[in-house]
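Colleague: I am new to this structure and would like a close look at a single part of it. Could you take one helix and go through it with care?

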Amino acid sequence: MSSVTFEHLTKIYPNGFASVKDINLSIKSGAFVTFYGPHGCGKSTILRMIGGLEDVTSGNIYFDELPINKIDPSNRPLAMAFQNYALYSRLNVFENMALGLRLRNQPKSEIDKTIQSIAGFLGITHLLQKKIRSISEADKQQVALGRALACKPKVLLVDEDFSHQDANRRKEMLRDIQRTNKEFGITVLYVTNNHHEALSIGNRTVFMNEGIITKVESIREI
C-alpha cells in the first residue's frame, strides 16, 4: 500500500484546454477514494496521468516519497482497471493472469501460488484453464482485475467504465474492489459520475468540477 499525493498537478492540452488545474491533495495509504464530478471535469485525466497514459504538464504525483510521474509507466507500482481489459484471446485465463509475473521473471512455483490465491479470492478458479474467448464479459472483467492484483500493486486505479455492466454485476464488481482494498490494503482510486456510488463505496469523496477540486469529504461526514 502507498499514500498518494498530488502537488500542483496540472494538465493542459496542446489546444490550450486545461483539464486539471493546479490540484493539491493527499490520500492516506490504504484508503479507498472516489473522484466524483460531471463528464469532462478532469477526474479521469487524473487517473490517466497517474497511470502514465497522459503526460503531466506540471506538478508532481507521489507514492509515499516517490515521484512516480518521473518513472516510466511500465515501472510504476500500480495497476489499472479500465474499460479495455487488454486480455489475450489466444491464452487461457491462468496465462493472462500470470503474464505480468512472467514478464518479471518470477519463479513458476511462485506464479502458480499467486494465481491460485487470487483466483480463489475472486471465485474464478474454475475458469483458469478456459480460453478468454470462451468466457463471458463479466468473467473477463474479473480476470482483468485478477491480473492487476497478481502483481501486488501499491495503488489500484479504477475507471467507472470498468464496471459498466448490468446493475447487479456492477454491484458485484464494486464489492470485489472493496474487498481488495480491505483484504490486501491496496490504496484504491475510483472515478465515477454516479452520485450514489461516490457517497457510499469509499472512505473519502473528492468532488471535482471544471478541472478543480471543489471539496473533499469523508463518508462519515457525508
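Modeller: A residue is called exposed here when its relative accessible area is over 50%, and buried when that area is under 20%. With those words in hand, and keeping in mind that this is a predicted model, we can turn to helix α5, which is made up of residues 167-184. At 1.5 Å a residue its 18 residues should span 26 Å, and the end C-alpha atoms are 26 Å apart, which agrees.

The buried residues of α5 are Arg 169, Arg 170, Met 173, Leu 174, Asp 176, Ile 177, Thr 180 and Asn 181. Seen down the helix axis, these buried residues fall within an arc of 150°, so they line one face of α5. The face turned away from that buried side carries the exposed residues Ala 167, Asn 168, Lys 171, Lys 182 and Glu 183. As for what covers the buried residues of α5, the cover includes the strands β3 (32-36), β7 (155-159) and β8 (187-192), together with the helices α3 (108-122), α4 (137-150) and α6 (195-198). After α5 comes Gly 185, whose phi is positive, near 70°.

The helix also belongs to a wider setting, the largest nonpolar core, in which Val 93, Met 97, Ile 115, Val 143 and Leu 156 touch the most other members among 34 residues. Helix α5 is one of the elements that give two or more residues to this core, others including β6 (78-81) and α2 (93-103), while the largest share, six residues, comes from α3.

Definitions and conventions:
Residues numbered from 1 in each chain as written. Predicted model: local features only at pLDDT ≥ 70, side-chain atom pairs only at ≥ 80, totals over all residues. Heavy atoms only, no water. Helix = DSSP H or I, 4+ residues; strand = E, 2+ residues; numbered from the N terminus. Expected span 1.5 Å × (residues − 1). Buried < 20%, exposed > 50% of the residue type's maximum accessible area, 1.4 Å probe, protein only. Arc of directions from axis to C-beta. Contact = heavy atoms within 4.5 Å. Core = buried A, V, L, I, M, F, W, Y, C linked by side-chain atoms within 4.5 Å.
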